[in-house]
Amino acid sequence: MQQPNKFKSGFISIIGRPNVGKSTFLNRVIGQKIAIMSDKPQTTRNKVQGVLTQDTSQMIFIDTPGIHKPKHKLGDFMMKVAKNTLKEVDAILFMVNATEPIGAGDKMIIEMLQGNDTPVFLVINKIDEIHPDEILAIIDSYKEQYNFAEIVPISALQGNNVERLLSTLESYLPEGPMYYPADQVTDHPERFIISELIREKVLHVTREEIPHSIAVVIEQIRKEEGKELINVSATIVVERDSQKGIVIGKRGALLKDIGTKARHDIEMLLGSKVFLELWVKVQKDWRNKANQLRDYGFRDDEY
């Protein structure tokens with residue numbers, strides 16, 4: 001009689017240059033938004049863990065900040081997070097953009113992976129944006145750089161080949177326990193995800209000089225007694241007075257737009273009506289101040 005498959009589980013790090021589609025992939029796999037998405041580079045700052053539980057396995061994906069050369073203490077923190085996750089996982093997904101040739105950033109990551117015993121998958125994303133005939137040349141160019149365990153072209157946006165990637169990945173995982181309850185999709189508290197959803201909306205509606213200068217601090221999440229309403233109050237932190245004016249906008253229009261868009265996503269997350277109150281505060285040069293980085297949730301002692 002055939003033996004049933006043993007349950008497998010493991011941790012998988014997703015690494016790559018900024019803006020290659022790591023968060024889009026994570027949200028696709030998990031089936032709901034837990035990682036924020038933006039066309040601005042370095043959107044992800046912390047490790048975002050997504051949990052995918054299937055009949056035969058549980059995969060815990062770690063979406064890391066895009067690998068880049070740090071320009072401030074926050075950048076140093078982001079790179080430390082990305083590098084440290086490589087030491088604690090069962091597989092690594094190195095994601096690249098099919099529409100761009102191998103760049104210095106990709107080579108820096110490949111160098112970082114040298115000597116690593118963990119299986120590394122090359123995931124070529126955004127294949128929906130190129131002609132199928134181009135894929136073989138892309139694969140060959142990366143094969144020259146590193147001996148990958150597997151190479152899988154996908155489109156995270158459209159879902160092409162994602163199931164194949166997951167089933168191949170499962171075959172590499174060790175037998176193991178279910179680390180999280182079957183219905184849990186992330187290990188992050190709601191407070192963290194809410195702050196990220198607000199930050200995503202700021203990224204969407206502001207100009208180039210704003211994105212990396214903002215942090216979002218959740219001041220309070222409180223359920224109204226006897227009402228199906230949750231009050232959320234949050235502060236958007238910027239580095240300069242001029243940025244505060246930009247985020248607020250003329251007669252508060254931009255801040256109102258941020259609040260409306262964020263409230264919709266927060267209501268989807270919490271499954272309840274939400275009253276969202278936003279403030280904007282200037283904290284000069286906060287990205288270079290260790291105590292303020294800690295206050296805003298960037299604690300390097302956790303990594």
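Helix α6 is largely enclosed by the rest of the structure, because 13 of its 16 residues are buried. In this predicted model, α6 covers residues 190-205, and its length can be checked against its geometry: at 1.5 Å a residue its 16 residues should span 22 Å, and the end C-alpha atoms lie 23 Å apart, which agrees. One of the residues of α6 is I193, which counts as buried because its relative accessibility is 4%, below the 20% under which a residue is called buried. The C-alpha atom of I193 lies 8.6 Å from that of I266, although 73 residues separate the two in sequence.

The surroundings of α6 include a sheet. Three strands form this open sheet in the order β7-β8-β9, with mixed pairing. The strands β7 (215-223) and β9 (273-282) stand at its edges, and since each has a single partner strand, one side of each is left without a neighbour in the sheet. From one strand to the next the twist averages 15°. Helix α6 packs on this sheet, where it touches β7, β8 and β9, and its direction makes about 130° with that of β7. Within the sheet, β7 and β8 (residues 229-238) run antiparallel and are joined by eight bridges, and A215 stands opposite V237 in β8.

A further helix, α7, lies across β8 and β9 and runs at about 155° to β9. Helix α7 (residues 241-248) also meets helix α8 (residues 253-270), for the axes of the two come within 5 Å and cross at roughly 60°. On the α7 side the contact involves I246, V247 and I248, which meet A253, L254, L255 and I258 of α8. By class, this contact has seven nonpolar residues, with no polar and no charged ones. The loop between α7 and α8 holds R251, whose phi is positive, about 55°, although R251 is not a glycine. R251 is exposed, because its relative accessible area of 84% lies over the 50% mark for that class.

A positive phi is also found at K126, which has a value of about 70° and is likewise not a glycine. K126 belongs to the loop between β5 and α4 (135-143), and K126 counts as buried because its relative accessibility is 19%, which is under the limit of 20%. Another loop, the one between α3 (104-113) and β5 (120-125), contains T118. With a relative accessible area of 15%, T118 is buried, and, once its neighbours within four places in sequence are left aside, T118 is in contact with L86, V89, D90, A91 and I92.

These elements belong to a chain whose secondary structure comes to nine helices and nine strands. Of its 303 residues, 52% count as buried. Among the contacts in the chain with a separation of 6 or more, 72% come from residues that are 24 or more positions apart. The chain exposes about 14900 Å², of which carbon and sulfur atoms supply 48%.

Notes:
Residues numbered from 1 in each chain as written. Predicted model: local features only at pLDDT ≥ 70, side-chain atom pairs only at ≥ 80, totals over all residues. Heavy atoms only, no water. Axes fitted to C-alpha atoms, helices over the stretch in contact; angles between N-to-C directions. Helix = DSSP H or I, 4+ residues; strand = E, 2+ residues; numbered from the N terminus. Contact = heavy atoms within 4.5 Å. Nonpolar A, V, L, I, M, F, W, Y, C, P; charged D, E, K, R; others polar. Buried < 20%, exposed > 50% of the residue type's maximum accessible area, 1.4 Å probe, protein only. Areas by Shrake-Rupley, 256 points an atom, 1.4 Å probe, with all protein chains shown as cover. Expected span 1.5 Å × (residues − 1). Pairing = 2+ DSSP bridges.
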